[in-house]
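Work through the exercises below with the sequence and the model side by side. Try each task before reading its solution.

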Amino acid sequence: MAHTAKEFRYAVDLSEGDVVRTEDGTPLGGGPEWTPEHLLLAGLLRCSVKSLRHHAKRAGIELENATGSADSVFTRRESDGRFAVTELKVEVALKLEPQPGEA
């Protein structure tokens, strides 16, 4: 029997003044200072923490007080002359309860 993969659909809209909103109309914080590259890093960081939280929960571990940062370098690739992420670092600090060895 073939399994159908879950689908998660998201949408955003960009309106005048560089205001980005979710499909339900919720505005994204920030303003024009938030470049597409900042938004990409914010999404990557939040997705990483959400994924860690999900897998910790499956193991019976609570992930508390997650904080983190993400930074990157975008530059022109030599291979094709296009701009791309050439360096990326994501750091997450968190507290696990109970500690993994205790679970």
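**Exercise 1.** In this predicted model, find which elements are included in what covers the buried residues of α1.

*Solution.* Begin by locating the buried residues themselves, which in α1 are L41, L45, V49 and A56. Then look at what lies over these buried residues of α1, and you will find that the cover includes β3, which runs over 62-76, and β4, which runs over 83-97.

**Exercise 2.** Compare the span of α1 from its first C-alpha to its last with the span expected at 1.5 Å a residue.

*Solution.* Helix α1 takes in residues 36-58, and it has 23 residues. The expected span is 1.5 Å times one less than the number of residues, which for α1 gives 33 Å, and the model's helix reaches 33 Å, close to that expectation. Moving on to what follows, G60 takes a positive phi of about 80° just after α1.

**Exercise 3.** Decide whether L39 is buried, partly exposed or exposed, and state which residues L39 touches beyond four places away in sequence.

*Solution.* First place the residue, since L39 lies in helix α1. Next take its relative accessibility, which is 29%; buried means under 20% and exposed means over 50%, so L39 counts as partly exposed. Then turn to the contacts, where, leaving aside residues up to four places away in sequence, L39 touches L28 and W34. Finally, set L39 against A59, which is 20 residues apart from it along the chain, and the C-alpha atoms of the two turn out to be separated by 30 Å.

**Exercise 4.** Describe the order of elements in the protein chain and explain why the chain is more spread out than a compact globule.

*Solution.* Counting elements gives one helix and four strands, and reading from the N terminus on, they run β-β-α-β-β. The radius of gyration of the protein chain is 18 Å, well over the 13 Å that the globule rule gives for 103 residues, so the chain is more spread out than a compact globule. The box that its C-alpha atoms fill, taken along the principal axes, is roughly 50 × 40 × 35 Å. Buried residues make up 9% of the 103 residues, while residues 24 or more positions apart account for 45% of the contacts with a separation of 6 or more.

**Exercise 5.** State how many side chains of each charge the protein chain has, and how far apart the centres of the two sets lie.

*Solution.* There are 13 positive and 17 negative side chains, and the centres of the two sets lie 6 Å apart. As for the surface, the accessible area of the protein chain comes to about 8,700 Å², of which 54% belongs to carbon and sulfur atoms.

Definitions and conventions
Residues numbered from 1 in each chain as written. Predicted model: local features only at pLDDT ≥ 70, side-chain atom pairs only at ≥ 80, totals over all residues. Heavy atoms only, no water. Helix = DSSP H or I, 4+ residues; strand = E, 2+ residues; numbered from the N terminus. Rg over C-alpha atoms; globule rule 2.2 N^0.38 Å. Buried < 20%, exposed > 50% of the residue type's maximum accessible area, 1.4 Å probe, protein only. Contact = heavy atoms within 4.5 Å. Areas by Shrake-Rupley, 256 points an atom, 1.4 Å probe, with all protein chains shown as cover. Lys, Arg positive; Asp, Glu negative; His and termini not counted. Charge placed at Lys NZ, Arg CZ, Asp CG, Glu CD.
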